[in-house]
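Got your viewer open? Load the model below, and we'll walk through it one selection at a time.

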Amino acid sequence: MSEQEQGTFRDRHSSITEEGKRNWSYALKPKGKLYQYRSWLSYFYLLLFFSLPFIKVDGNPMFQFNFPEGEFIFFSTLFTPQDFIMFGIGMLIFILFIIIFTLIYGRIFCGWVCPQTIFMEMVFRKIEYFIEGDGNKQRINNKKAWTTELYIRKTIKHIVFLALSFAISNTFLSYIIGVDALYKIITEPVSEHIVGFVAIFFFTMAFYVVYAFVREIVCTVICPYGRLQGVLLDKNSIIVAYNYLRGEPRNKKQKEAGAGDCIDCGMCVNVCPTNIDIRNGTQLECVNCTACIDACNMMMKNVGKAPELITFASENSIASGKKFEFTYRIKSYTAVLGVLMVLLTVLILTRTTFDSTIMRVPGQSIQENADGTISNLYRIKVTNKSNKALPYHLLATDPNVKIERIGIPLDSLKGRQLAEETFFIKVFPKNIHQRKMKYEIKLMSGNKVMETKSATFISEF
Ligand code: SF4
Ligand code: SF4
């Protein structure tokens, strides 16, 4: 009786054998259209990953996630703690996006986009194939007494893995502290950058352990997104699914009457990096890498049957025997995703470079001046959120309002500078029409309006 018939496949984790030992994945290299697409996507992804920290626009890298200093750069735009509202909205949109995306498209992100899978399957495993041979060869060699050649091959593999982990660790760190800070750590004496060196060492070892030993367990046990699949997926979610209506009863001897299309060749299991049999149904361990689709399509072609016995489909579409269709629900959720993306883009693009607060100076009464004007005193706190120095001055929208700054007026703000100054708003009584007036103050950088604020003006009207 098969594991599926007994239901025992759910009794233990796919990375654990019945004896409780590690069930090492010797996944065979898939061949097929989807694997090709994944490979191209991964080359593009790797190119981006290793080059983005070096690409700068206006002195800012494209992306930087400086958690220690609370500064984040998206598309070369710096976000500081002053942007926490936008950051909060962005996070909310991001979480909503993940939920809706997973509800519709299942775990496709894991198999095709997640850095863990890309590095594991498209970099480290390919290196392993190159040095140690394909999955079958590795399985056989590891069971036998190790030869000198195997020791040498494994040593070379682990040296290459360590070197790659070191490269990934440095790149990863440059996304946090920036390439310039990383360059300093590498080129200056160790004693001046103890924390930096510890971080490089820690990340190198972490990546090495993950890709050399932990591997698919990151996706099937450790990753919180993976663990959430159980609640995020429903029977209409698109998943990698086996069409049991067509495939069962599986039969090696295809000539037997009533035999399903599955020839029980086991190729879908052999290529699976998480060691599962997709014919048992949806499983938490499936990362939607689509290797089994390629493998089964190849087998179907070999025996002259239609492809897509394993395919992208929802559980409901398989059960109803209907071809998968983009339902109204999927289309509307996709539209919501689009709106969320646009919203986030608009938020990023409309973000101001200057961030300020203007307040009346407490305890200051209304003043009557020698020139006949009435004045109120204000304090402005302004941050230049960009990386470069920018010219700065204040301008009142109302031509009847005069701004008079106290002391030496600020004429520029350095990159990331928080500055303060005090100023009077002066108005002739004939232009005051009520006790509390609101005046617009523009924060200018040259001729460009960076931000518009309003200030409350109080008089004895
Ligand atoms: S079952 Fe198929 S799609 Fe899922 S992880 Fe295994 S090979 Fe990839
Ligand atoms: S690869 Fe296809 S034919 Fe072979 S066992 Fe898997 S589902 Fe059946």
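Start at a domain border: six residues of domain 1 are in contact with six residues of domain 3. On the domain 1 side of that border you'll find one nonpolar, four polar and one charged residues. Keep in mind that what you're looking at is a predicted model.

Now colour by domain. The assignment gives domain 1 as 14-231 + 332-340, domain 2 as 234-324 and domain 3 as 354-458. Put a marker at the C-alpha centres of domain 1 and domain 3, and they sit 49 Å apart.

Next stop: ligand 1. Select what surrounds it and you get 14 residues, with C272, I278, C286, C289 and C292 the closest. What classes make up this shell around ligand 1? There are 11 nonpolar and three polar residues, and no charged ones.

C292 leads us on to the largest nonpolar core, which has 42 residues. C292 is one of the members touching the most others there, along with C268, C296 and I310. Try showing helix 15 (291-302) and helix 14 (267-270), which are among the elements giving two or more residues to this core. Helix 15 supplies the largest share, six residues. Domain 1 and domain 2 each put in at least three.

Zoom in on C268. Beyond its neighbours within four places in sequence, C268 is in contact with I278, R279, C292, A295, C296 and I310.

Last selection: I374, I380, L443 and M450. These belong to another core, of 18 residues, lying apart from the largest one.

Notes: Residues are numbered from 1 along each chain as its sequence is written. Chains are lettered from A and ligands numbered from 1 in the order in which they are written. This is a predicted model: local features need pLDDT of at least 70, side-chain atom pairs count only at pLDDT 80 or more; totals for chains, interfaces and linings use all residues. Domain bounds come from an automatic or database domain assignment. Two residues are in contact if their C-beta atoms, placed from the backbone, lie within 7 Å. Ala, Val, Leu, Ile, Met, Phe, Trp, Tyr, Cys and Pro count as nonpolar, Asp, Glu, Lys and Arg as charged, and the others, Gly among them, as polar. A residue is near a molecule or strand if its C-beta atom, placed from the backbone, lies within 6 Å of it. A nonpolar core is a set of buried Ala, Val, Leu, Ile, Met, Phe, Trp, Tyr and Cys residues joined through C-beta atoms within 7 Å. A residue is buried if 20 or more other C-beta atoms lie within 10 Å of its own, exposed if 12 or fewer, and partly exposed in between; C-beta atoms are placed from the backbone. Helices (H or I, at least four residues) and strands (E, at least two) are DSSP runs, numbered from the N terminus.
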